[in-house]
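Here are a few notes to go with the model, mostly on helix packing and the nonpolar cores. Have a look at the structure before reading on.

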Amino acid sequence: MSVALFTHSDCLDHDTGPHHPERPARMRAAIGALEAPEFQSLLRETAPEAPESAIRAVHDGAYVDRIFGLEAPADEPVHLDADTLFSAGSLKAALRSAGGAMRAVDSVLEGWARAAFVATRPPGHHAEVDRAMGFCIFANAAIAAHHARAHGLRRIAVVDFDVHHGNGTQSLFENDADLFYGSSHQYPCYPGTGAASERGVAGNIVNAPLAPGAGSEEFRAAWSGTILPELDRFAPELLIVSAGFDAHKLDPLAQLRVETEDFTWLTDELVHLADRRCAGKIVSLLEGGYDLRGLAEGVEVHVRGLMRA
């Protein structure tokens, strides 16, 4: 059984302007990294548009109305917040990102893929119930988790190794003891959340903040000493990964010093835990990563690790 790759060219039409770090070249770099012969066995699937009902199941109705009713000029995106832009192609791209996450869940729960990676944009882990934030429009990981419950699953985990804390995912999970969110991230850093003291209603939130300049040793210790043991105790029925590669030492938006090999190590650890706890059911969603070389290297080793599952 192969690993499924979900993507769509509509995601290139999310126009953030000429100097924005969350740009179409990111997705091209991610997809380009998976064109090597070793990745030819990937099941290359179309990321569908999420139905509006799936967005409304997670997000505030007034916010959804605003996004679906927004019309951006063809030649200039509009600001949803200081960092998040919306162009004529952004709604379709955001629906493909959420829909790809949902279909990836289907692929592993229906048994026709052993793992899945979703290479779409915009990312999702900063989007809150009622607002866009930090380049994110819809909360893709939370939408995927909600969709998994339609399959009858109850205990679902999201783990996040993006350099920025996924405040949106955390806020949508923290009051449900059957949802787990674990994150390593630079702290202090945008968006200012993610302190170790933020624990959720039942210890279901596990944050491992890393100081600026932290590298491989600290990154691996955060996962092996804090997040992975708590995830193991949670015993999820499905593992969703928010895979941001901006903790890489080359990335310009933060100051962690993570090496490509650390993403290899962590992917292997997550795959082994998924094998032990949820019959290998693992879905990975692209989040950040703004140096194209660091992003491409991270995607390459991460998907290679999923293929070893």
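**Notes on packing**

1. A25, R26, A29 and A30 in α1 meet L292, L295, A296 and V299 in α9, where contact means heavy atoms within 4.5 Å. By class, that makes seven nonpolar, no polar and one charged. The two helices, α1 (residues 24-32) and α9 (residues 292-307), pack at about 40° with axes 8 Å apart, and α1 passes α9 in a right-handed crossing.

2. A word on the source: this is a predicted model, with local features needing pLDDT of at least 70 and side-chain atom pairs counting only at pLDDT 80 or more, while totals for chains, interfaces and linings use all residues. Residues are numbered from 1 along each chain as its sequence is written, and side-chain values use heavy atoms, leaving out hydrogens and water.

3. Next, α4 (residues 90-109) and α5 (residues 140-150): their axes come within 9 Å and cross at roughly 40°. The pair is therefore oblique (not under 35 degrees, over 145, or 65 to 115). On the α4 side the contact includes A94, M102 and L109, and on the α5 side I143 and H147. Its residues are nine nonpolar, three polar and one charged.

4. The largest nonpolar core (buried residues, under 20% relative accessible area with a 1.4 Å probe, joined through side-chain atoms within 4.5 Å) has 54 residues, and W223, L239 and L270 touch the most other members. Helix α8 (residues 260-278) gives the most to this core, eight residues. Apart from it lies another core of 49 residues, A101 and A148 among them.

Methods
Axes are lines fitted to C-alpha atoms, for helices over the stretch in contact, and angles run from 0 to 180 degrees between N-to-C directions. Helices (H or I, at least four residues) and strands (E, at least two) are DSSP runs, numbered from the N terminus. Ala, Val, Leu, Ile, Met, Phe, Trp, Tyr, Cys and Pro count as nonpolar, Asp, Glu, Lys and Arg as charged, and the others, Gly among them, as polar. Buried means under 20% relative accessible area, exposed over 50%, partly exposed in between (1.4 Å probe, protein chains only). A crossing is left-handed if the near helix is turned anticlockwise from the far one by less than a right angle, and right-handed if clockwise.
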